[in-house]
Structures are given as C-alpha cells and as structure tokens.
Protein chains: 2
Amino acid sequence: MKISTKGRYAVRIMLDLAENDTGDYIKVKSIAKRQDLSEKYLEQIISMLNKAGFVKSVRGARGGYRLSKAPEDFTIGMILRLMEGSVSPAPCLDGGMSACSRCSSCGVISVWEELQQAINGVVDNITLQDLLDRKKIESVNI
Amino acid sequence: MKISTKGRYAVRIMLDLAENDTGDYIKVKSIAKRQDLSEKYLEQIISMLNKAGFVKSVRGARGGYRLSKAPEDFTIGMILRLMEGSVSPAPCLDGGMSACSRCSSCGVISVWEELQQAINGVVDNITLQDLLDRKKIESVNI
DNA sequence: AGCATTTCCCATTGACATGGTATGAAACAA
DNA sequence: TTGTTTCATACCATGTCAATGGGAAATGCT
C-alpha cells in the first residue's frame, strides 16, 4: 500500500524546484544535496518529469531544470499518477483488461472504489503552492 | 499504490466465509472454487487469518474454517493491516526507525498524513456486515 | 578552439517482494 | 483403517524497486 520512492521523491523534487525558484535553472546536483538523494536516481526521476512536460530543462554548463508552470498548477495527484501509473488501490479499477471478470459479482469492489475516491479527494486537492504556503505558516510559528 | 493480492484476497475470503455461513465449517476447496483462487495460495492466506484469530479451524474430515466473530466485528482495515502490515502510504508514517531524519523539514509529509487519514476513514468504517448488506440491496435491485 | 559543466540515454545490478507450487505430516470422521 | 482436510515448511520463477555506471551530446566560458 506504499507509494514508491519514485512517486514520493518526485513530489519532493517538484516542491524543491518550487521553493528554490530564483529564475535560474536548478542543477540536479543541488537538488540532490538539499534532498539527500542519489544524483543518478534523481536524474532518472526528473527525466520522467521532463518528458511529461512538468519541468523544462537546459543542457550544458549553467543548465538545469525548472518548473514548466506555476506551483499552483501542479497537484500532487498529477505527479503521483505520472510516476506510479495510477493511484488506485486495486488493478480492477484501472480498466482495460486488468478488470477482473468477477467484478459484477464481487462484493468487495465497492470498498476499493470508495478508497480510490478518498485518495483522489486528497491528492487532487493539494497543489505545490499549498505546500509552499503550509511551510511558510509553519516557519512563522517557530 | 496497490493493495497486494494477499490483502485483497483476504477480504474476499472473509466475506465468503460470512456469506456462506451455515453453521458448518467451510472447506478451503469450496472457497477456492467460488472465489476462483488457487487452493494452495488461499491456504497460505487463511493460515495467517487463523493465526491472528480472525477465523477458527477444525482439521480432518468435515473440517474447515469459519469466522471467529460476527461479520460486524471485522472491519476491512483490520484485515488489510493484518495482511499488509500497515495501510500507510509512506514508510515514515509507520514509526520506528523507518521514520526519516528529514521529517522535521519535510514539506511533503503532511500530504501523506492527510492521505493516511482518508484511507483510515474508509477502511475502518466498513465491516463485513456492511458488505453483506450492500450485496443484499443490490440483488433486490436486479 | 578547447575545456569544464551539465543534461541525456541506455544498460546493468542486487535485493527483495510477489504469487504460486510441491511435499508431506498431523488431526479427524466414518 | 481409509479418505479427507488442515497445518507447516520449503522451494521457485518472475518481476519490480531502487539504484549505479559509463559515456554521448549540448552548452557556456575563456
């Protein structure tokens, strides 16, 4: 029932890009240092974010990454679905041929459906901007 | 983000036992047939349910399994937590040493906490009896 | 032009979990 | 005693996860 490291790290990476946005492009090396992640693994993850258009990149010296849109335009759900494929708790909710033949008679599927709705309700209603705001409020209270 | 087959099958097995309770003990073979699961794998799962005291067993001819308590005494959450260890979306919520050292400065953990609450809110508020009731209502509508 | 920096791309690895089989012993009813 | 059924354990094949490594291509700086 765990979200994979890919998914969780991706959220941290996106938030890091949002937090440290100075206008310049941000290097993998500096993200890795702040977030304490392996550069190589981080590279792999951010490459997926790049291919999906969530970040934009510049190669070469003084290159790096930045968010392609404003922090409020990215929900946690968008990021997780990209990395995980889906955020559903059971394969029969993902449609396609993984839908089990027993579904019609399966008394349990309603549980997974409720669960999925609950999950969506959370991840689709939190944006990176929300997280930035939370952090700001926290630091005031300290 | 998937619940493992162990967790999902366990719920189906428990519901099957609830549905087919005639007072007699129910054989693995008959559950496997109804639920279309491998007998051997099912055996493995129901053995965990047995050790946890969720079902009681009788060995030998005319033996089998039945629920140890009434269907309303088992929540989905109880079953999933037994099989999965936990239903939390991130290891740093499980306490112990898996709690990451970065938690205090981690802007993302609040997301996982919200997610966990949403998940708990679903699985801890559905019992096997609820599923029995739903099925009954459905069959009336058909 | 040449060099350092940095992203990009692909292949590989080790560990672990998943999903399932196989074998046989122990308990029990008829 | 014979057949049925749970119980216990070991085994295995496959896949995924999490990460590492090596080098090619692009870019800025001097």
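Here's a quick briefing on a helix pair in chain A and on the protein surface around DNA strand D. Keep in mind that this is a predicted model. In chain A, helices H3 and H4 pack at an angle of about 110°. Over at DNA strand D, 25 residues surround the strand.

**H3 against H4 in chain A**

- H3(A) covers residues 39-51 and H4(A) covers residues 76-84, and their axes sit 11 Å apart.
- Angles of 65 to 115 degrees count as roughly perpendicular, and the two helices are therefore roughly perpendicular to each other.
- The crossing of H3(A) and H4(A) is right-handed.
- From H3(A), Ile45(A), Met48(A) and Leu49(A) meet Ile79(A), Leu82(A) and Met83(A) of H4(A).
- That contact is made up of six nonpolar residues, with no polar and no charged ones.

**The surface around DNA strand D**

- The closest residues are Ser38(A) and Lys40(A), plus Lys27(B), Ser57(B) and Tyr65(B).
- Chain A chips in with H1 (5-19) and H3, and chain B with H3 (39-51), S1 (55-58) and S2 (64-67); each supplies at least two residues.
- By type, the surface residues split into eight nonpolar, nine polar and eight charged.
- Sugar or phosphate accounts for 65% of the strand D atoms within 4 Å of the protein, and bases make up the rest.

**Polar contacts to bases of strand D**

- Arg59(A) has a polar side-chain atom 3.2 Å from a base nitrogen.
- In chain B, an N or O atom in the side chain of Glu43(B) is 3.3 Å from a base nitrogen.
- Gly60(B) uses its backbone instead: a polar atom there is 3.4 Å from a base oxygen.

Technical notes:
Residues numbered from 1 in each chain as written. Chains lettered and ligands numbered in written order. Predicted model: local features only at pLDDT ≥ 70, side-chain atom pairs only at ≥ 80, totals over all residues. Heavy atoms only, no water. Axes fitted to C-alpha atoms, helices over the stretch in contact; angles between N-to-C directions. Helix = DSSP H or I, 4+ residues; strand = E, 2+ residues; numbered from the N terminus. Parallel < 35°, antiparallel > 145°, perpendicular 65-115°, else oblique. Left-handed = near helix turned anticlockwise from the far one by under 90°. Contact = heavy atoms within 4.5 Å. Nonpolar A, V, L, I, M, F, W, Y, C, P; charged D, E, K, R; others polar. Near = heavy atom within 4 Å. Polar contact = N/O pair within 3.5 Å; in protein donor to acceptor, adjacent residues only side chain to side chain.
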